[in-house]
Every structure is written in C-alpha cells, then in structure tokens.
Amino acid sequence: MRIEAGEELKRMNYLFSETDAVYHEAARRFGLSDSTMTILYAACNYGGSCLLSELTHMTGASKQTINSALRRLESEDILYLEMAGSRKKRICLTEKGRELAQQTVLRLMQGENEILRSWTEEEREQYLLLTQRYLNDLRKVIGSF
C-alpha cells in the first residue's frame, strides 16, 4: 500500500523544518549550541529565570539533553539552579548569563516581536488560534494511537 502526504501537509512540514533551520542558523551565528540557545530563550521568556519543569515543557527537549546543557552552563557561570519549594528547581541566569542573553537571544526575541507587530491584530490572532487548534488536534490524533 502506498500512502502519500497531501500537498498542504508537505508544505506545512517544509515550513516547520525551515523554521527549525532558521533558529539553528541563529544559534550558530550567535556562537551557541541549539540547547544553549533554547535554555537562554526559555529563561528570557520567563524574565531571566524559570522552573526546570517549565523549561522541559516549553522546549520539548529530552531531560538528558537539558541536564547536560545545564551542567555545562553552570560550569561556565551562565546560570545556576536553586530550589523552588521542596521538590522543584529553578534555573536563574547569572549576570554573565544575562549579558550573553542580551547579546544573543534577546536580539532574536526583539526581531520576532517586530515581525509580530508588523502583522495586524487579526493576523496575529488568526495565526495563534490556528496554531493552537492544530496542536490540540494533533495531540488527539497521537492520543488515539
């Protein structure tokens, strides 16, 4: 039996892959690994610190990948871990980490915000609604396996 993806699915998969490639290229240009950029991005997204559980949820990266990158970033004095309650940990950027984020990830976020501001409110809302709908529906499909 031969099954082919429809043209729309091919286009969507291409766009997802190209978007990932653009973020990889940004990390490369900043001299960061993908995992370092992901961790810095997540920390900046939450104001400079975030729960480890938020980090793993937001990034979708494996715990092993995250933990390996965190150990390296701790040893480079980019971030530190602190307890946040009895069972949770929080990652916090150091001053050196904040400076690195300012030179890299925050520049990217500024560009992303400029792109979104160039869209009308209706375009932004439509994009977000359809992306959320697709994600919810995809979770249902995966849940049925």
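Is Arg72 buried, partly exposed or exposed? Arg72 counts as partly exposed, at 32% relative accessibility. That value comes from a predicted model.

**Overall fold**

The protein chain has seven helices and three strands. Along the sequence they follow the pattern α-α-β-α-α-β-β-α-α-α. The C-alpha atoms fill a box of roughly 50 × 40 × 25 Å, taken along the principal axes. Of the 145 residues, 22% count as buried. Among contacts with a separation of 6 or more, 49% join residues 24 or more positions apart. The accessible surface comes to about 10700 Å², and carbon and sulfur atoms account for 52% of it.

**Charges and salt bridges**

The chain carries 20 positive and 21 negative charges. Their mean positions lie 6 Å apart. Side chains of opposite charge can pair when their charged atoms come close. Here, a search of the whole structure finds five salt bridges. Three pairs are listed below.

| Pair | N to O distance |
|---|---|
| Glu7 and Lys10 | 3.4 Å |
| Glu76 and Arg72 | 4.0 Å |
| Arg90 and Glu82 | 4.0 Å |

Glu7 and Lys10 both belong to helix H1. They sit three residues apart, about one turn of the helix. Glu7 is exposed, with a relative accessible area of 58%. Its partner Lys10 is partly exposed, at 39%.

Arg72 pairs with Glu76 through their side chains. Glu76 is partly exposed, with a relative accessible area of 34%.

The third pair joins Arg90 to Glu82. Arg90 has a relative accessible area of 25% and is partly exposed. Glu82, at 33%, also counts as partly exposed. Elsewhere, salt bridges that share partners join Glu25, Arg28 and Arg29 into one network.

**A nonpolar surface patch**

Which residues form a nonpolar patch on the surface? They are Leu9, Phe16, Tyr134, Leu138, Val141, Ile142 and Phe145. Together they have about 680 Å² of accessible area. Two elements give two or more residues to this patch: helix H1 (7–30) and helix H7 (121–143). H7 gives the most, with four residues.

Ile142 is placed in helix H7. Its relative accessible area is 48%. Ile142 is therefore partly exposed, because that class runs between the 20% limit for buried and the 50% limit for exposed. The value also passes the accessibility cut-off for patch residues, which is over 30%.

Helix H1 thus appears in both settings: it holds the Glu7 and Lys10 pair, and it gives two or more residues to the nonpolar patch.

Key: Residues numbered from 1 in each chain as written. Predicted model: local features only at pLDDT ≥ 70, side-chain atom pairs only at ≥ 80, totals over all residues. Heavy atoms only, no water. Patch = residues over 30% accessible without salt bridge, like charges linked within 9 Å, V, L, I, M, F, W, Y side chains within 5 Å. Areas by Shrake-Rupley, 256 points an atom, 1.4 Å probe, with all protein chains shown as cover. Buried < 20%, exposed > 50% of the residue type's maximum accessible area, 1.4 Å probe, protein only. Contact = heavy atoms within 4.5 Å. Lys, Arg positive; Asp, Glu negative; His and termini not counted. Charge placed at Lys NZ, Arg CZ, Asp CG, Glu CD.
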